[in-house]
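Work through the exercises below with the sequence and the 3D structure at hand. Try each task before reading its solution.

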Amino acid sequence: GGRAGQKPGSMGKRRLQEEADDRRRRRLGDTDGCQNDYDGWKPPAGSSAPHPVARVAMSTVTPRDFFDRYVARRRPVVLTGGLEGTCWETAWKGWTDDALETCAARDDMVRVETRSSVTGAYGVGRYETMRFGDFVQRFRRGDETCYLTASPAAVDAHGRPQVAAPPASRLLGNADGGPPFRPPIAGKLVPANVNVWMGASADGASSGLHHDHHDNLYVLLRGTKRFELYAPSEICSMYTVGSPVAVHRNGRVNYEESGRTRADGDDGSVAARVAAGAVNAAYAELEAAESAMANGEEGGAARVEAAERAVDAAMDAAAFTAAGGRGAEGDGDDGDDLDGDGFFGGHDDFDDVDDSDLDADVDSDEDEEENEDGG
């Protein structure tokens, strides 16, 4: 809408009304064809909110249990028992204000979210870049106008994506005994991104309702945190920013404005590269087989036949991929077997580097909804 103290003109009023009508239509279920295939866990039908989230002692959960009972089923869980004796104990005990201010990351430049006052909002694109040590000093003073959030994606000298950027890359997974990037409870799941959140808020603050595109494993080191969660099946009843067009079986949401992806987030480019690589490999084998047959090697003819079949299969797979997982003729197959829907979290990671969440305490690893200063 208009800025405070200003009245929107006629065009502004019409735009505001159109946006309000659009949100109302979406809330009332007029989704303009949003295909919601989510079939993960959801609160029991007919029961009333709030629904308690399962609380389970982490010492009783194996990585296999964690995946089968919660990740694959899309079921939230609170792992209890504290951090003593876990891989996060060193951070819990060692990440004091003094230690953070003088740690190896103190001179690293970090992106910090800012707001104009304690009543202002985060998540509106206001950032400053500063030394991590300078941020920690402001944090120690109780400055409530700056917040260390998810860092921009980091790449190495060859342009390859890295799992963490400073300060997380200095504080975790290092030779000084920091928490590992992949905790034991994750089993074979591989985190795509790891972050550290820090912020001060005397009266508590909220990140605002949002969703990430990936699984979150959130480790609270100080303070308290309260989450308010909604199943992806309810998206048609919510005021979304953007127009949802599809909800995959694992809960990933696609919007009209950003385009469709597979359930694992791939927009098709990764699958296309894999398919192209398979075609090249198949042709290389065919060339080698033809050379072997020309040289009179035993079994050369059979090898050529097998290589020709492999080329055909690779070409068919590439055509299927190019058609968006719907077959060369657009036969309606949604490609679930290719995009990870069939086993939900197997291709998910733990966090989304584009998160812009609010945290009033010092946190490691993933995401949050609402928090209060408990330290």
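**Exercise 1.** Does Arg226 count as buried, partly exposed or exposed?

Solution. The model is a predicted one, and the values in these solutions are computed from it. Step one is to recall the cut-offs: buried means under 20% relative accessible area, and exposed means over 50%. Step two is to take the value for Arg226, which is 45% relative accessibility. Arg226 therefore counts as partly exposed. Step three is to look at its partner: the side chain of Arg226 forms a salt bridge with that of Glu228, at 3.9 Å from N to O. Glu228, at 40% relative accessibility, is also partly exposed.

**Exercise 2.** Which parts of the protein does the salt bridge between Arg170 and Asp108 tie together?

Solution. Begin with the pair itself: the side chains of Arg170 and Asp108 meet at 2.8 Å, N to O. Next, place each residue. Arg170 belongs to helix H6 (residues 168-171), while Asp108 sits in the loop between helix H4 (97-101) and strand E4 (109-114), so the salt bridge ties together parts that are 62 residues apart in sequence. Last, check the accessibility of each residue. Arg170 is partly exposed at 39%, whereas Asp108 is buried, with a relative accessible area of 13%.

**Exercise 3.** How many salt bridges does the structure hold?

Solution. The count is 16. One of them joins the side chains of Arg138 and Asp143 at 3.0 Å, N to O. Both of these residues, Arg138 and Asp143, are buried. Salt bridges can also be linked into a network, as is the case for Asp98, Glu101 and Arg140.

**Exercise 4.** What length does helix H8 reach, and which of its residues are buried?

Solution. Helix H8 covers residues 300-322, which is 23 residues. From its first C-alpha to its last it reaches 33 Å, close to the 33 Å expected at 1.5 Å a residue. The buried residues in H8 are Gly300, Val304, Ala307, Val311, Ala314 and Thr321. To read such a list, recall that an α-helix has 3.6 residues a turn, so residues three or four places apart point the same way. The final step is to ask what covers the buried residues of H8; helix H7 (269-294) is included in that cover.

**Exercise 5.** How many disulfides are there, and are Cys103 and Cys146 buried or exposed?

Solution. A disulfide is a covalent bond between the sulfur atoms of two cysteines. The test is whether a pair of cysteine sulfur atoms lies within 2.5 Å. By this rule the count is zero. For the second part, Cys103 has a relative accessible area of 12% and is therefore buried. Cys146, at 1%, is buried as well.

**Exercise 6.** Which residues form a nonpolar patch on the surface with about 250 Å² of accessible area together?

Solution. The patch consists of Val53, Phe227 and Leu229. To locate Leu229, look in the loop between strand E10 (224-226) and strand E11 (244-247).

**Exercise 7.** What do the totals say about the whole protein?

Solution. First, count the elements: there are nine helices and 14 strands. Second, take burial: 38% of the 375 residues are buried. Third, take the surface: the accessible area comes to about 20700 Å², and 50% of it belongs to carbon and sulfur atoms. Fourth, take the contacts between residues at least 6 apart in sequence: 67% of them join residues at least 24 apart.

Methods
Residues numbered from 1 in each chain as written. Predicted model: local features only at pLDDT ≥ 70, side-chain atom pairs only at ≥ 80, totals over all residues. Heavy atoms only, no water. Helix = DSSP H or I, 4+ residues; strand = E, 2+ residues; numbered from the N terminus. Buried < 20%, exposed > 50% of the residue type's maximum accessible area, 1.4 Å probe, protein only. Contact = heavy atoms within 4.5 Å. Areas by Shrake-Rupley, 256 points an atom, 1.4 Å probe, with all protein chains shown as cover. Patch = residues over 30% accessible without salt bridge, like charges linked within 9 Å, V, L, I, M, F, W, Y side chains within 5 Å. Salt bridge = Lys/Arg side-chain N within 4 Å of Asp/Glu carboxyl O. Expected span 1.5 Å × (residues − 1).
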